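Here are my notes for you to read beside the structure. Have it open while you go through them, and find each residue as it comes up.

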Amino acid sequence: MADWDLLLTDAHIATMRRGAANYGAIEDGAIAIAGGSIAWVGESARMPNRTAARTRSLAGQWLTPALIDCHTHLVFGGDRSAEFEQRLHGASYEGIARAGGGILSTVRATRAASADELFDSARVRLGMLARDGVATVEIKSGYGLDLDNEMKMLQVARRLGDASDLTVRTSLLAAHTVPPEFTTNADAYIALVCDDLIPAVAKHGLADAVDAYCETIAFNTEQVSRVFAAAKSSGLPVKLHADQLSDSGGAELAARFAALSADHLEYASNSGVQAMGKAGTAAVLLPGAFLTLQETQQPPIDELRRLDVPIAIASDCNPGTSPLCSVREAMALACRLFRLTPEECLAGATREAALALGLDGDRGTLEVGKRADVAIWDIMHPRELSYWLGIRPLAGLLIAGLDVSLN
Ligand code: DI6
Ligand code: FE
């Protein structure tokens, strides 16, 4: 029997190893894969003398860790293109939400949709993410807002994972907005989320984390604290949509609960970022939403960098604020809108995104022992992944060492 299942040779490799300079790059390198994991990686000239069942020459293509989209709302019914048009005629996102549109219009369409309909439409979007290099994707609920419909969304997300080679991680986002049945009593809805939804979802193993939206048009810090306390009692980690439209104290709150990540963060205060740094909470930046809402307030990039807070980048794929189905294009947007460097963006969609999902022990870099989730690119340099818009430089995708069909 051969020592290795697969040997990839004649490649350039952006390992994205933490602490390494220059993409952790290895020119003229090779990667050996055994049992779905990376068994060896390094310069071809230093390769140990072992046997491989299959060898594939990559003729100078670049390898990176497969991309990880750590924040999406991929499962939803309907679409919101009409609202997009309304905003271009002068309506605001908050105004539309307060008038019962926005998230609530997607709630109506999602409740009306069958599980199969939701599955079919989300599967198309999942395929698009994969064709731009994604092997791991997080999917949130949050358009059901009652027990049956939140469970329906999470079951669809789990089915998507079962039916595809990609890893799907799920987050319960029942505290996304106040559902119509509770307009005058948000606290009663929060009680339902804490007492019924979180325990039920945890019992059925439907969620890997609990998320919430802390914002003037959604829930305040006190309400989110209750949700997070309930999540912790059910043994689930938390994450937060924080300070997207206003400084709502979200970054501090996420840090207080040692959240995996605080996401958006345009209006986060410096003290919030400091608290995240101390708590080890990752920042997830979402340039697709920033662009679509024509936001002008920048997330606190310099403070995040100064305090070494891990910065992840994600698509936030959703019908309202980020109709974007590519984390690679999110990287390209993050360079232009937030002035992140291409190297920060690639780290943000690999190593730091793994951290934001609590999967950093297993994936996100090309190192011995990690899962062999590898993207193969037709490029001359990894900076090009943040440079091109509207083209697909992906030449191949391996998940746990196996070729994924990209049709
Ligand atoms: N922030 C977002 O960007 C998405 N959810 C959230 O809390 C938007 C969701 C939507 O508008 O449908
Ligand atoms: Fe979101």
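**Notes on the model**

1. Let's start on the outside: I391 is partly exposed, with a relative accessible area of 36%. Keep in mind that you're looking at a predicted model. To find I391, go to the loop that runs between β14 (374-377) and β15 (394-399). Together with Y387 and W388, I391 makes a nonpolar surface patch of about 300 Å². A residue needs over 30% relative accessible area to join a patch, so I391 passes that cut-off with its 36%.

2. Next, have a look at ligand 1. Which residues come nearest to ligand 1? There are 14 residues around the ligand, and the nearest are R80, Y93, Y143, H176 and T321. Y143 has a polar side-chain atom 2.6 Å from an oxygen atom of ligand 1. For T321, an N or O atom of the side chain is 2.8 Å from a ligand oxygen. D316 also places a polar side-chain atom 3.0 Å from an oxygen atom of ligand 1. And how much of the ligand's exposed area does the protein bury? Taken alone, ligand 1 exposes 310 Å², and the protein buries 100% of that.

3. R80 is worth a second visit, as one of the residues that come nearest to ligand 1. The side chain of R80 also meets that of E83 in a salt bridge, with 2.7 Å from N to O. Are these two buried or exposed? Both R80 and E83 are buried.

4. Now for salt bridges in general. Side chains of opposite charge can pair when their charged atoms come close. The count for this model comes to 25 salt bridges. One of them joins R56 to D403, with the closest N and O atoms 3.0 Å apart. Trace the chain between these partners: R56 sits in strand β4 (residues 52-57) and D403 in strand β16 (residues 402-403), 347 residues apart, so the pair links distant parts of the chain. R56 is partly exposed, with a relative accessible area of 23%. D403, at 43% relative accessibility, counts as partly exposed too.

5. For a pair within a single helix, try R305 and D302. Their side chains meet in a salt bridge of 3.5 Å, N to O. Both residues lie in helix α11 (residues 301-306), and they are three residues apart, about one turn of the helix. How exposed is each partner? R305 counts as partly exposed at 33% relative accessibility, while D302 is exposed, with a relative accessible area of 57%. Exposed means over 50%, which is why D302 gets that label at 57%.

6. Salt bridges can also be joined up into a group. Which residues are linked in a network of salt bridges? They are D132, R328, E329 and R392.

7. Last stop: R371, in the loop between α14 (351-356) and β14. Leaving out residues up to four places away in sequence, R371 touches G36, S37, I38, T167, D362, R363, I399 and A400. With one of these, T167, there is a polar contact between side chains at 3.4 Å. You can also check the C-alpha atoms of R371 and L398: they are separated by 9.9 Å, and the two residues are 27 residues apart along the chain.

Methods: Residues numbered from 1 in each chain as written. Chains lettered and ligands numbered in written order. Predicted model: local features only at pLDDT ≥ 70, side-chain atom pairs only at ≥ 80, totals over all residues. Heavy atoms only, no water. Patch = residues over 30% accessible without salt bridge, like charges linked within 9 Å, V, L, I, M, F, W, Y side chains within 5 Å. Areas by Shrake-Rupley, 256 points an atom, 1.4 Å probe, with all protein chains shown as cover. Salt bridge = Lys/Arg side-chain N within 4 Å of Asp/Glu carboxyl O. Helix = DSSP H or I, 4+ residues; strand = E, 2+ residues; numbered from the N terminus. Buried < 20%, exposed > 50% of the residue type's maximum accessible area, 1.4 Å probe, protein only. Near = heavy atom within 4 Å. Polar contact = N/O pair within 3.5 Å; in protein donor to acceptor, adjacent residues only side chain to side chain. Contact = heavy atoms within 4.5 Å.
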